[in-house]
Amino acid sequence: MKNKGEEDMTIQVNGESIFTKETANVKMAEVIECPDCAFEFGVIHEQSDRKGLYTCPNCEAANYEALYLQQQKEIREAADLHLKAILELQRIQSLVSKVDDSVHRPIGVALVELEEKFQKIHDEWSK
């Protein structure tokens with residue numbers, strides 16, 4: 001970040017701001033190397049809530065990428081499973097014969113008819 005009165009020492013190349021060591025403020029900084037991937041970064045980038053502990057941004061990016069790829073795989077698998085379920089239901093529907101309209105009636109009507117039949121049988125047995 002430049003201070004008030006300082007001129008911008010970056011140049012634009014293909015939409016990217018770039019600069020050289022000679023045009024930037026060079027500071028002496030401690031650098032830490034990740035023991036896993038050898039990425040180097042300034043010790044100023046310690047975890048904000050845990051002093052003296054570091055998370056490698058390179059490894060963290062790789063972990064996020066791996067997590068993203070795993071989630072994409074799970075989404076594809078879920079979509080495939082969903083499609084298979086739909087196709088199986090359609091297959092089952094094609095096997096079920098359609099009921100004639102004369103036989104097909106609302107459940108309430110069928111229950112009333114069953115109750116009447118039960119009552120009739122009950123009355124006959126009660127005699």
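**Cysteines and salt bridges**

User: Hi! Which cysteine sulfur is closest to the sulfur of C34?

Analyst: That would be the sulfur of C59, which lies 3.7 Å from the C34 sulfur, too far for a bond. A disulfide here is a pair of cysteine sulfur atoms within 2.5 Å. Bear in mind that this is a predicted model, where local features need pLDDT of at least 70 and side-chain atom pairs count only at pLDDT 80 or more, while totals for chains, interfaces and linings use all residues. Residues are numbered from 1 along each chain as its sequence is written, and side-chain values use heavy atoms, with hydrogens and water left out.

User: And what about the sulfur of C37?

Analyst: For C37 the closest cysteine sulfur is also in C59, at 3.6 Å, again too far for a bond.

User: How many disulfides does the whole structure have, then?

Analyst: The search finds 0.

User: Is C34 buried or exposed?

Analyst: C34 is buried at 7% relative accessibility, whereas C37 is partly exposed at 30%. Buried is under 20% relative accessible area, exposed is over 50%, and partly exposed is in between (1.4 Å probe, protein chains only).

User: Switching topic: how many salt bridges?

Analyst: There are 2, counting a side-chain nitrogen of Lys or Arg within 4 Å of a carboxyl oxygen of Asp or Glu. K73 pairs with E77 at 3.8 Å between the closest N and O atoms, and R91 pairs with E88 at 2.6 Å, N to O.

User: Where do K73 and E77 lie?

Analyst: Both are in helix α1 (residues 57–95), 4 residues apart, about one turn. K73 is partly exposed at 40%, and E77 is partly exposed at 44%. Helices are DSSP runs (H or I, at least four residues), numbered from the N terminus.

Definitions and conventions. Helix = DSSP H or I, 4+ residues; strand = E, 2+ residues; numbered from the N terminus.
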